[in-house]
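I set out to look up pockets and charged side-chain pairs in this structure. My entries follow in the order in which I made them.

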Amino acid sequence: MDAEAVALVPAAGRGERLGDRDPKALVRVRGIPLVVHAVRGLLNAGCVRRVVVAAPLSHVDATRAVLADAGTGALVVPGGADRTDSVRLALRAALDESHDIQIVLVHDAARAFTPPEMIRAVVAAVAAGAPAVVPVLPVADTVKRVDAGEFVTGTVSRTDLRAAQTPQGFTLDVLCRACEAAAAGAGLTDRVGVPISTVPGHPAAMKVTTPFDLAVAEALLGAET
Ligand code: CTP
Ligand code: MG
């Protein structure tokens, strides 16, 4: 596949739930920062020609340094107050640089171990005409609804629930509209006014959120080497 997509990588979060001294994107797995794993994964998929990373405001230079040392060639810009804002800022930087963008991926730095086949599947779906694409997995756990006191009030049927992963894929104009809608509080794939397609997600595309997830990621990479 041609390297036809531009990838925006929101990496500007603090990582409160991980609880490290450094922002999550700079936390290392097997000695390599998560954001470097994530960007390498995108480039290794073979269908991404440019990567723009939104870095934590306090760590823009540090993020730039680790990505440059790894030879990724990624463009690093200061991120925003929430994920949507970080995506918007990365998109603006990508557009300042190139007027020839058709397919845009939005990929969390925290999903640093996403298989390249999944990244290719998202790009292929947009290239084949889907305006917006999300990788999803069935929900494995039984899902309960609770009240304000945490008492169970019911069981939610799993049949029409999916857990969403990234990269999300968009045509450029749909992502521009999604960013406007999201500024009003919606998720990027809510209220875009086009059908949102899905492709199968993968367990390895898990979001590193907690110290437990970090241990899983270490084990995952250990199993590969
Ligand atoms: N993100 C971002 N800008 C923000 C907040 C989040 O770019 N202001 C990014 C994170 O860096 C991450 C992705 O959005 O790659 C998904 O967010 P999440 O997993 O929640 O990361 P954090 O917000 O860093 O973690 P926490 O919520 O535990 O603080
Ligand atoms: Mg967060």
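**Salt bridges**

I looked first at Arg111 and Asp108, and I find that both are buried. The model is predicted, and I read every entry here with that in mind. Arg111 and Asp108 form a salt bridge, with 3.9 Å between the closest N and O atoms. I note that Arg83 joins Asp108 and Arg111 in a network of salt bridges.

I then asked how many salt bridges the structure holds. The total is eight.

I recorded a further one between Arg30 and Glu218, at 3.4 Å from N to O. This pair links distant parts of the chain, 188 residues apart: Arg30 sits in the loop between strands E2 (28-29) and E3 (32-33), and Glu218 in helix H6. Arg30 is partly exposed because its relative accessibility is 45%, and Glu218 is partly exposed at 27%.

In helix H3 (residues 83-97), I located Asp85 and Arg88 three residues apart, about one turn of the helix. Their side chains meet in a salt bridge of 2.6 Å, N to O. Asp85 is partly exposed at 21% relative accessibility, as is Arg88 at 35%.

**Pockets**

I turned next to the largest pocket, which holds about 450 Å³ of space. Its lining has 20 residues, with Ala12, Gly13, Arg14, Lys24 and Arg83 nearest the centre. I sorted this lining into nine charged, seven nonpolar and four polar residues.

The second largest pocket holds about 280 Å³. I count 14 lining residues there, and Ala112, Phe113, Thr114, Leu221 and Glu224 are the closest to its centre. Helix H1 gives the largest share of this lining, four residues.

How values were computed. Residues are numbered from 1 along each chain as its sequence is written. Chains are lettered from A and ligands numbered from 1 in the order in which they are written. This is a predicted model: local features need pLDDT of at least 70, side-chain atom pairs count only at pLDDT 80 or more; totals for chains, interfaces and linings use all residues. Side-chain values use heavy atoms; hydrogens and water are left out. On a 1 Å grid over the protein atoms alone, a cavity is a set of points where a 1.4 Å probe fits but cannot get out, and a pocket is an open set with protein on both sides within 12 Å along at least five of seven lines; lining residues have an atom within 4 Å of a point. Grid points are joined across faces, edges and corners, and a volume is the space filled by probe spheres set on the points. Ala, Val, Leu, Ile, Met, Phe, Trp, Tyr, Cys and Pro count as nonpolar, Asp, Glu, Lys and Arg as charged, and the others, Gly among them, as polar. Helices (H or I, at least four residues) and strands (E, at least two) are DSSP runs, numbered from the N terminus. A salt bridge is a side-chain nitrogen of Lys or Arg within 4 Å of a carboxyl oxygen of Asp or Glu. Buried means under 20% relative accessible area, exposed over 50%, partly exposed in between (1.4 Å probe, protein chains only).
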